[in-house]
Amino acid sequence: MKKTGFLFLLAIAAWPSFAQQSFGWGINLYPNISNRRLIAYSSITDEMIRAIEKREGSKPSYAAHLFLAWRSEKAGFQVGAGFADAGYRTVEEAIPADDPDFANASSRRFVFRNYNLEIPASLKFYQSLSDKDYFTFMLGANLSYNLANDTLTVLYDGETSATRSVKDESDFRKINYAFTTGLGWEHQFSPTFTLILQPTFTFWMKALFKETEFTELNRNLYSFGVSVGFRFDREAP
């Protein structure tokens, strides 16, 4: 929360120097690979940590936002709202003979999915490459509210697979915030339409689960992908 508030204060303080030239709105699509950073406490041994790290990995994820943007020649500010799927998954593993799934498949993996409402805000700095092309640097924050969580079990039997989904009732943190940054490129097809491509990294500052005296293992989520945006501009009055 503090970092999100700091970003808004920074934008307000810098606003007089922006010399606003245009205002726009748009849609941002963010296909990405999400993963987790393990947080292990003293009761978790190094051997257990190595086993978990070997077993868990990244999964394909996505986010989509509507946004408003203000920009000048050298800098801009953007704020939006949208939906995101995040999480991580296990590697494909053989099913033990005494497991109920053994009768239906030879191996399986678990996919842990988190669904969030997000409010991203960012400062963006521009370097002109041509009359229509700009190199950009983005620094931002993202506030999220957790809507739901589930665990997808993927069963494999040779070349075929089947899935089942179960709601995850773990004690997830409802509100979280993230640091986000990226380098990108903007191309103006016309004075009123701009394409945005931006490799983006996001790291969630708070742990995935609520922390209590009984918490032994936790995780921070992070993601990396290419943000694709379409912005419809108009000149500032």
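A salt bridge is a side-chain nitrogen of Lys or Arg within 4 Å of a carboxyl oxygen of Asp or Glu. With that in hand, welcome to a few close-up views of this predicted model.

**Figure 1. Lys 59 and Asp 85 meet in a salt bridge.** The closest N and O atoms of Lys 59 and Asp 85 are 2.7 Å apart. Lys 59 sits in strand E4 and Asp 85 in strand E5, so this contact links distant parts of the chain, 26 residues apart. Both ends are covered: Lys 59 counts as buried at 3% relative accessibility, and Asp 85 counts as buried at 6%.

**Figure 2. Strand E5 pairs with E3, E4 and E7.** Here we follow strand E5 (residues 75-90), in which twelve of the 16 residues are buried. Strand E4 (residues 59-71) runs antiparallel to E5, joined to it by ten bridges, and a hairpin of three residues connects E4 to E5. Strand E7 (residues 107-128) also pairs with E5 in the antiparallel sense, over 13 bridges. Ala 84 of E5 makes a handy landmark: Ala 63 stands opposite Ala 84, and in E7 the bridge partner of Ala 84 is Asn 116. Strand E3 (residues 56-57) pairs with E5 as well, antiparallel and over two bridges; there, Glu 56 has Thr 90 of E5 as its bridge partner.

**Figure 3. Arg 36 forms salt bridges with Glu 53 and with Glu 56.** The Glu 53 and Arg 36 side chains meet at 3.1 Å, N to O. Glu 53 belongs to helix H2 (residues 46-55) and Arg 36 to strand E2 (residues 32-40), 17 residues apart. Is Arg 36 buried or exposed? At 4% relative accessibility, Arg 36 counts as buried. Glu 53, at 38%, counts as partly exposed. For Glu 56 and Arg 36, the closest N and O atoms are 2.7 Å apart. Because Glu 56 lies in strand E3 and Arg 36 in strand E2, this pair ties together parts that are 20 residues apart in sequence. Glu 56 is buried, with a relative accessible area of 11%.

**Figure 4. Arg 36, Glu 53, Glu 56 and Arg 219 are linked in a network of salt bridges.** This wider view adds Arg 219 to the residues of the previous figure. In the whole structure there are 13 salt bridges.

**Figure 5. Confidence along the protein chain is lowest in helix H1 and highest in strand E11.** Helix H1 (residues 2-18) has a mean pLDDT of 51, and strand E11 (residues 193-204) reaches 97. The chain averages a pLDDT of 89, and 89% of the residues score at least 70.

Technical notes:
Residues are numbered from 1 along each chain as its sequence is written. This is a predicted model: local features need pLDDT of at least 70, side-chain atom pairs count only at pLDDT 80 or more; totals for chains, interfaces and linings use all residues. Side-chain values use heavy atoms; hydrogens and water are left out. pLDDT is the predictor's confidence in each residue, from 0 to 100. Helices (H or I, at least four residues) and strands (E, at least two) are DSSP runs, numbered from the N terminus. Buried means under 20% relative accessible area, exposed over 50%, partly exposed in between (1.4 Å probe, protein chains only). Two strands pair if DSSP finds at least two bridges between them.
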